[in-house]
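Okay, everyone, thanks for coming. Let me put the picture up, and then we'll walk through a few spots together.

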Amino acid sequence: MAADKYVIGVDYGTDSVRSVLLNATDGKEMASSVFYYPRWAAGKFCNATKNQFRQHPLDYVEGLEATIKDCLQKAGEDIAANVKGISVDTTGSTPIAVDATGTPLALVAGLEENPNAMFVLWKDHTATKEAEEINNHATKFPVNYLQFVGGIYSSEWFWAKLLHILREDEAIRKNIHSFAEHCDWIPFLLTGGNDATKLKRGVCSAGHKALWSAEFGGLPPNEFFKSLDPVLDGITAKLFTDTYTSAQSVGTISAAWAEKLGLPKDVVIGAGAFDCHMGAVGGQIEPYYLSKVMGTSTCDILVAPIDEVKDTLVKGICGQVNGSVIPNMIGMEAGQSAFGDAYAWFKNLISWPVNQFVEDVKEREKITDKIIAALATEAAKIELSEKDELSLDWMNGRRTPDANQLLKGAITNINLATDAPRIFKSIVEATCFGSKAIVERFISEGIPVKGIIALGGVAKKSNYVMQVMANVLNMPIRIHSSEQTCANGAAMFAATAAGIYSKVEDAMNAMGQGFEKTYEPQADKVAYYAKRYKMYLELGNKIENK
């Protein structure tokens, strides 16, 4: 393989998009660039009191152009001339209504400021009612259309969000032609797509969030959706039947985008996928090792050989799909709706006086930026007791096991000796207990978990959180070296889609950066956390069934 072949991975996160330009031979980073979404930063189109979180497509389009151009400028013309592929990962499920040309309705005259015409961000929970209706409706059919998504449909997913905006907004009903995930729309954009019927869908988004399955011959039939609500009648005919793994190409870059970015006209565009799925590859996932992408939320990925999984269906997870991570393997997804978000919430809570009374912005940031690290330092010093403050991590509902976005968090065992570090300790423990519940669900359903691979900001930055996690899980946790596992994973898929590697496992092995650290369980603390975990389960049961 020639050493002068390069690929670009684009990682769309909640607050920003990052592009990386890698040497396809060894994964060496030639350049990277970050773009923060300006409209999102301004709080536009969102209403936290309603759990409404929307993003404008121009934030994504402007970020795509800005970051890739910046990478190419940093790397130089010689490298730019030898870029062979681009692949994209995004948050999900983050879908948007589009017209017949595949144009997002937020870019259609008259709908530019309509939140329902925007991308419905993964953590938007306005569709809890619709998710409950889908779950109840599915029981009426001889075929269990929820069997490959853990048996429970979530308000965070494709169909619940589509039904909600159609019911709520006449303007959307009049103008919508199709509904597209963010990870599928960006490749469509880059290839110059102008026909929504030709918008190619990745098996990742289709299988985990949209109820697509090869066993069903595609999506559930029109009757399933029509009988749920007539507003959905005929929509499946405008969606898709075929899907693509992330190792496949969906086309080449359009002339317009090649010129705009300064790239060759033969750059291959790979099929898109969700961030945690490509991040698992960037983090060099192995069969039966749970890959945890740890950020504002967590997304947990496990892959296993098809012939070993056989007919095993894991209840209460976010789906299991052939090829959603690595082609010809079953990809299984779980996760927590709030992880780092729970810590950020507490930081913001106790920062209230600073934000109110310190007028200088830089001085405020100087103080608040130190809070989490200081809390972690003090929490680590607390002598462990079974009577310590105990929390639930459902600050943003529960994703898995057993999705229920109506659930709320809790903090208990508070007394007059309770201070900020003790509450922070309880929140950290709760997020780790939430992770243990996921591991236990896989094991109890017949899928072994041999170890943990941790990726993302929390994994690399917080020794305290990761040590508590290792103690709670009673498993070693390997921390991946890469700062950008999701973007790097996208680049590995780009190299595969472009034909530089014949399969993604080869790209992963050649371009992977290895592991920097392992957290081992502390034997003297494992028993404490095992008891506390049982208390966490009991508290959760009381809260859920009150």
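So, let's start with a small polar contact. The side chain of S154 has a polar atom that sits 3.0 Å from the backbone nitrogen of E156. Keep in mind that what you're looking at is a predicted model.

Where is S154 in the chain? Look at the loop that runs between α4, residues 128-138, and α5, residues 158-168. And is S154 buried or exposed? It's buried: its relative accessible area is 3%, and the cut-off for calling a residue buried is under 20%. As for its neighbours, if we skip residues up to four places away in sequence, S154 touches A131, A160, A403 and Q405.

Now, on to the cysteines. How many disulfides do we get? The count is one. That disulfide joins C276 to C299, with an S to S distance of 2.1 Å. C276 belongs to helix α11, residues 275-282, while C299 belongs to strand β15, residues 298-305, so the bond ties together parts that are 23 residues apart in sequence. Both ends are tucked away from the surface in the accessibility sense: C276 is buried at 2% relative accessibility, and C299 is buried too, at 8%.

What about C204? C204 is in no disulfide, and the nearest cysteine sulfur, the one in C183, is 6.0 Å away. To count as a disulfide, the two sulfurs have to be within 2.5 Å. C204 is also buried, with a relative accessibility of 1%.

Then there's C71. Why is there no bond from its sulfur? Because the closest cysteine sulfur, in C486, is 16 Å off, and that is too far for a bond. C71 counts as buried as well, at 1% relative accessibility.

Last stop, and this time we're going to the surface. Which residues form a nonpolar patch there? They are W345, L349 and I350, and together they have about 260 Å² of accessible area. Let's zoom in on I350, which you can find in helix α13, residues 340-350. Its relative accessibility is 31%, so I350 counts as partly exposed. If you're wondering about that label, partly exposed is what we call anything between the buried cut-off, under 20%, and the exposed one, over 50%.

Okay, that's my tour. Grab the model, spin it around, and shout if you get lost!

Notes:
Residues are numbered from 1 along each chain as its sequence is written. This is a predicted model: local features need pLDDT of at least 70, side-chain atom pairs count only at pLDDT 80 or more; totals for chains, interfaces and linings use all residues. Side-chain values use heavy atoms; hydrogens and water are left out. Helices (H or I, at least four residues) and strands (E, at least two) are DSSP runs, numbered from the N terminus. Buried means under 20% relative accessible area, exposed over 50%, partly exposed in between (1.4 Å probe, protein chains only). A polar contact is a pair of N or O atoms within 3.5 Å; within protein, one must be able to donate a hydrogen and the other to accept it, and residues adjacent in sequence count only if both atoms are side-chain atoms. Contact means heavy atoms within 4.5 Å. Patches are made of residues with over 30% relative accessible area and no salt bridge: like charges are joined within 9 Å, nonpolar side chains (Val, Leu, Ile, Met, Phe, Trp, Tyr) within 5 Å. Accessible areas come from the Shrake-Rupley method with a 1.4 Å probe; for residues, only the protein chains shown count as cover. A salt bridge is a side-chain nitrogen of Lys or Arg within 4 Å of a carboxyl oxygen of Asp or Glu.
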